[in-house]
Amino acid sequence: MAEPSGKLKKSMKGIYIEEDVLEVYEKLSDENSRGWGSQLVSDLLRATFEKHGYLPKR
């Protein structure tokens with residue numbers, strides 16, 4: 001759902017990540033700005049859900 005500013009509403013969700021994936025994520029997260037990791041995960045999930053027809057393509 002979009003907020004009045006045009007941004008999508010975001011919610012916190014804790015998940016488990018495999019150790020090797022987490023290592024790369026943490027390394028890249030240290031090299032990027034705040035919020036980068038959340039946007040990465042959201043983009044990857046969106047792309048997967050669109051690919052499988054769970055979300056309409058933007």
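## Aromatic pairs and helix α2

Y25 is found in helix α1, which covers residues 19-31. The model is predicted, and local features are taken only where pLDDT is at least 70. With a relative accessibility of 25%, Y25 counts as partly exposed. Leaving out residues up to four places away in sequence, Y25 touches W36, G37, S38, L40 and V41. G53 lies 28 residues from Y25 along the chain, and the C-alpha atoms of Y25 and G53 are separated by 27 Å.

The structure holds two aromatic pairs. Their geometry is listed here.

| Pair | Class | Centre to centre | Angle between planes |
|---|---|---|---|
| Y25 and W36 | tilted | 6.1 Å | 35° |
| F49 and Y54 | edge-to-face | 6.2 Å | 90° |

The class of each pair follows from the angle between its planes. Planes over 60 degrees apart count as edge-to-face and those under 30 degrees as stacked, with the rest called tilted. At 35°, the pair of Y25 and W36 is therefore tilted. At 90°, the pair of F49 and Y54 is therefore edge-to-face.

What does the pair of Y25 and W36 tie together? Y25 lies in helix α1 and W36 in helix α2 (residues 36-51), so the pair ties together parts that are eleven residues apart in sequence. W36 has a relative accessibility of 22% and counts as partly exposed. Buried means under 20% relative accessible area, so W36, at 22%, does not count as buried.

In the other pair, F49 is partly exposed, at 35% relative accessibility. Its partner Y54 is found in the segment after α2. Y54 is exposed, because its relative accessible area is 65% and the cut-off for exposed is over 50%.

F49 and Y54 also belong to a nonpolar surface patch of about 620 Å². The other residues that make this patch are L40, V41, L44, L45 and L55. Two residues of the patch, L40 and V41, are among those that Y25 touches.

How far apart are the end C-alpha atoms of α2? They are 22 Å apart, which agrees with the span of 22 Å that 16 residues should give at 1.5 Å a residue. The expected span is 1.5 Å times one less than the number of residues. Just after α2, G53 takes a positive phi of about 85°.

Key: Residues numbered from 1 in each chain as written. Predicted model: local features only at pLDDT ≥ 70, side-chain atom pairs only at ≥ 80, totals over all residues. Heavy atoms only, no water. Helix = DSSP H or I, 4+ residues; strand = E, 2+ residues; numbered from the N terminus. Buried < 20%, exposed > 50% of the residue type's maximum accessible area, 1.4 Å probe, protein only. Contact = heavy atoms within 4.5 Å. Phe/Tyr/Trp six-rings, centres within 6.5 Å; stacked < 30°, edge-to-face > 60°. Patch = residues over 30% accessible without salt bridge, like charges linked within 9 Å, V, L, I, M, F, W, Y side chains within 5 Å. Areas by Shrake-Rupley, 256 points an atom, 1.4 Å probe, with all protein chains shown as cover. Salt bridge = Lys/Arg side-chain N within 4 Å of Asp/Glu carboxyl O.
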